[in-house]
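Thank you for sending this model; my notes on its cores and on the strand pairing are set out as numbered points.

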Amino acid sequence: MNSALGAAIEQSVVDSLNDLREMWDPQNVYADYAFVRQTQCFPDVLLRTSNPNPQHPAVIMGIELKGWFVLSKEGEPSYRYKVSAQCCADADLLVVIPWIFDSVISGKPKLLTPIICDAAYAALQRNYHWEWVRRNPKNQPQNQRGVTPATYVGTYPSKTAKSLDLPISDGGSNFGRVGRCGVMDAEVDARLAESALGIPVDAWRKFLQIFSDGVTPAAMLDGVHGLGRAFDTAGLSAAQRENAADLLQQLSGLLR
C-alpha cells in the first residue's frame with residue numbers, strides 16, 4: 001500500500017501548500033508561483049512559475065517525498081534515494097512521510113509528523129556513509145567501496161538525465177538507503193516512540209516481526225515471552241506496560 005499511498009501524499013502536499021499560501025507568502029511576493037507535482041522526475045514537487053524572468057527563476061525550490069510504513073520490519077525508512085547532490089538546489093528538501101493504520105493492523109492510513117532533511121546534505125551524507133562508514137562484511141577493497149558521480153550537473157533534471165550517483169559495487173542493492181546513514185536517526189527514533197492504541201509503535205513492530213512465514217507456534221511463544229522481557233527494560237510508562245502486558249497475555253493464551 002506504500003506505493004499507492006505515495007501518489008495520494010504527493011497530491012495532498014501540493015494542494016495543502018497551495019491552500020496555505022498566506023502562511024508561506026504573507027506579502028504576496030510569489031503570487032506567480034504555485035506548488036505543482038511532477039512524475040518520474042526529481043523532485044516530486046516544485047514551487048514553480050509559468051512566467052519566469054531574470055528576477056524570478058522558473059523554480060524556487062523542490063520537495064522529494066518518500067513514504068515510510070513505520071511497522072515495516074527494518075525499523076527505518078527503506079526507500080532508495082540516489083539523486084546526486086549536484087542536482088539539488090540549495091532550498092530543495094527531502095521529506096519522509098511516516099504512516100500507520102489508525103487501528104495498527106487495519107483501518108485507514110494515519111500520517112505521523114514528517115521528517116525533513118536538506119536534500120543535498122542527505123545525498124552527500126549517503127555517499128560518505130557508503131564509502132567510509134558502513135559495515136563491510138566482505139572486506140571490499142577501498143577502490144570498490146566508492147561512488148561514481150552522476151554525469152548530469154544541474155538542478156531539476158529531466159527524467160532522462162543521468163542524475164543518479166551509482167556505487168562501484170553493490171551486490172546487495174543497498175546503495176541509496178539514506179535511512180541508514182545517520183541523517184534522520186533522531187527523527188526516526190521519535191516516530192517509533194510514538195503511541196498507537198496506547199503502545200509504542202516500535203513495540204508493535206517488534207511484535208509483528210515474531211509472526212514471520214514458517215515460524216512454529218513454539219517459536220512464536222518464545223518470541224512473545226522475549227518481547228515481554230524487553231518491555232520490562234524499555235522505559236515504558238505504567239499505562240503502556242499495562243497495555244502491552246494485556247496484549248501479550250492474550251496472545252500467549254492463543255498460542256498455547
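The points below take up the basis of the values, then the cores, then one strand and its partners.

1. The model is predicted, and local features need pLDDT of at least 70, side-chain atom pairs count only at pLDDT 80 or more, while totals for chains, interfaces and linings use all residues. Residues are numbered from 1 along each chain as its sequence is written, and side-chain values use heavy atoms, with hydrogens and water left out.

2. The largest nonpolar core (buried Ala, Val, Leu, Ile, Met, Phe, Trp, Tyr and Cys residues joined through side-chain atoms within 4.5 Å; buried means under 20% relative accessible area, 1.4 Å probe, protein chains only) has 33 residues, and Tyr-81, Leu-94, Val-178 and Met-184 have the most contacts inside it. At least two residues of this core come from each of strand E4 (93-101), strand E6 (115-118), helix H3 (119-133), helix H4 (185-192) and helix H5 (201-209), where helices (H or I, at least four residues) and strands (E, at least two) are DSSP runs numbered from the N terminus.

3. Leaving aside residues up to four places away in sequence, Met-184 touches Pro-77, Tyr-79, Leu-94, Val-96, Ile-115, Cys-117 and Val-178, contact being heavy atoms within 4.5 Å.

4. Strand E4 is mostly covered, with eight of its nine residues buried. Strands pair if DSSP finds at least two bridges between them: E4 runs parallel to E3 (residues 59-69), with seven bridges, and antiparallel to E6, with four. Gly-67 has Ile-97 in E4 as its bridge partner, whereas Val-95 stands opposite Ile-116 in E6.

Terms used
Buried < 20%, exposed > 50% of the residue type's maximum accessible area, 1.4 Å probe, protein only.
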